[in-house]
Amino acid sequence: MANIREVALLAGVSIASVSRILSLDPSYRVTLETREKVLNAAAQLGYKPKTNYRKRRPAEKITIGCISRKTVEFTTDSYYVKILNSAQEYLKRQNYDIDFVLSQFDIMNEDSLSALLSHPPKGLILMDHPDDKTMQFLSSKIKYIVGIDSGQPTIDNVCYDRFEAGCRAMRYLLDKGHKDIAYIGAHISENVTNIGRCEAYLRMMRQAGLTVDPEWIIDSKWHRGVCYERTIELMSREKRPTALFVCSDHMAIAAMSALHSLGISVPKEISVIGISDIEDSRYLTPPLTTVSVPQTEIGEVAAEILLQRIRGDRTLPKRIIVPTELVERSSVAPLL
């Protein structure tokens, strides 16, 4: 069996760092990249820390963790970063800290997850929709879990209505006179959180009496590179849409980059609308019209609910739906 020295050597860090990271030492501040290196090294070597290596926390210490999200390309997702920062700020105002932050990829390895939760936190903010086995394991170890769009009915959740947001985006395009509208998202059978937006697209097109071209429903697989390529393919066909409804701003940015590479002007030749209103969206050329999701408020509400649970709230699981709002910028033009 591997020892802690071998883990430190593979991760390129000190033995002390390995010990403090794997013991979830709340006083140890380290970058997410370094933490991931240690977790990956421990999982690769099959290393499981011995109990007597772990520094015991004071009994009164309440440890709070977070499973945040990265993109499928393993890069930082600014949407979830803003939610996380908001939750952290709220907790700080209440004299609490988020003691560790991991990504959804960290909990995919069973050995890594088991080592991580050998000293589980009191509470967890979950920005992922894990499979049933992983969720059961988390729930067996952690008493209080609040989800961000987790899709888990047994825990509290803070989310936005994806169907309503999708209808809002589609209604705006239709009101601007667009009839040839393509959809860019992900295949609904593979991603439950995508269903509402795709359903909104289909419902609004039917209600407007418009035909849906199956080739205009684009599966981006939540990967910006795939989105870029699929947009190139879409716009290379003989018949082109006049508008793109893209179900996240990250994908909309990739789609607009593809349009720019083809010399297609936005919004003169094609309009684009997204969902989420991440920080970068307002600085594009042209700035992106989008449906804003209140990321700051989502983080604050999730943190507040978690503290209520820790302090004794034993009511049934809550489902808080935050409102969305259309943000009109310059990427959509009316058809004359």
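What radius of gyration would a compact globule of 336 residues have, and what does the chain have? A compact globule with 336 residues would come in near 20 Å, and the chain has 22 Å, so the two agree. The model is a predicted one, and what follows is read from its atoms.

Along its principal axes, the C-alpha trace spans about 75 × 45 × 35 Å. The chain's secondary structure adds up to 11 helices and 12 strands. Buried residues account for 52% of the 336 residues. As for how the chain folds back on itself, take the contacts between residues at least 6 apart in sequence: 71% of them join residues at least 24 apart.

Now to the interior. In soluble globular proteins, nonpolar side chains tend to be buried together. Here the largest nonpolar core has 72 residues, and the ones with the most contacts inside it are Ile 98, Ile 148, Leu 244, Phe 245 and Val 272. Apart from that core lies another, made of 29 residues, with Ala 11, Ile 21, Val 38 and Ile 155 among them. Leu 244 gives a good look at the packing in the 72-residue core. Setting aside neighbours within four places in sequence, Leu 244 is in contact with a run of residues including Leu 173, Ala 182, Ile 184, Leu 234, Leu 259 and Val 272. Thr 231 and Ser 271 are also among the contacts of Leu 244.

Phe 245, listed with Leu 244 in that core, turns up again in an aromatic cluster with Tyr 183 and Tyr 201. Aromatic pairs in the model come to 4. For Tyr 79 and Tyr 80, the ring centres are 4.9 Å apart and the planes sit at 90°, so this pair is edge-to-face. Both Tyr 79 and Tyr 80 are buried.

Helix H1 (residues 4-11) is a neat case of a two-sided helix. Its buried residues are Ile 4, Val 7, Ala 8 and Ala 11. These cover an arc of only 100° around the axis, which puts them on the same side of H1. Ala 11 also belongs to the core of 29 residues. The face turned away from the buried side carries the exposed residues Arg 5 and Leu 9. At the N-terminal end, Asn 3 caps H1, with a side-chain oxygen 3.0 Å from the backbone nitrogen of Arg 5. Just after the helix, Gly 12 takes a positive phi of about 75°.

Two histidines round things off. His 178 sits in the loop between helix H7 (162-175) and strand S6 (181-185). Its relative accessibility is 2%, so His 178 counts as buried. The His 178 side chain makes a polar contact with the side chain of Ser 271 at 3.4 Å, and it also reaches the backbone oxygen of Ala 333 at 2.8 Å. Not counting residues up to four places away in sequence, His 178 touches Leu 173, Leu 210, Thr 242, Ala 243, Ser 271, Val 332, Ala 333 and Leu 335. Leu 173 and Ser 271 are likewise among the contacts of Leu 244.

His 129 is in a loop as well, between strand S3 (123-126) and helix H6 (132-141). At 28% relative accessibility, His 129 counts as partly exposed. His 129 and Asp 277 are 148 residues apart in sequence, and their C-alpha atoms are 22 Å apart in space.

Conventions:
Residues are numbered from 1 along each chain as its sequence is written. This is a predicted model: local features need pLDDT of at least 70, side-chain atom pairs count only at pLDDT 80 or more; totals for chains, interfaces and linings use all residues. Side-chain values use heavy atoms; hydrogens and water are left out. Rings of Phe, Tyr and Trp (its six-membered ring) pair if their centres lie within 6.5 Å; planes under 30 degrees apart count as stacked, over 60 as edge-to-face and the rest as tilted. Buried means under 20% relative accessible area, exposed over 50%, partly exposed in between (1.4 Å probe, protein chains only). A nonpolar core is a set of buried Ala, Val, Leu, Ile, Met, Phe, Trp, Tyr and Cys residues joined through side-chain atoms within 4.5 Å. Contact means heavy atoms within 4.5 Å. Helices (H or I, at least four residues) and strands (E, at least two) are DSSP runs, numbered from the N terminus. The arc is that of the directions from the helix axis to the C-beta atoms. A polar contact is a pair of N or O atoms within 3.5 Å; within protein, one must be able to donate a hydrogen and the other to accept it, and residues adjacent in sequence count only if both atoms are side-chain atoms. The radius of gyration is taken over C-alpha atoms; the globule rule is 2.2 Å times the number of residues to the power 0.38.
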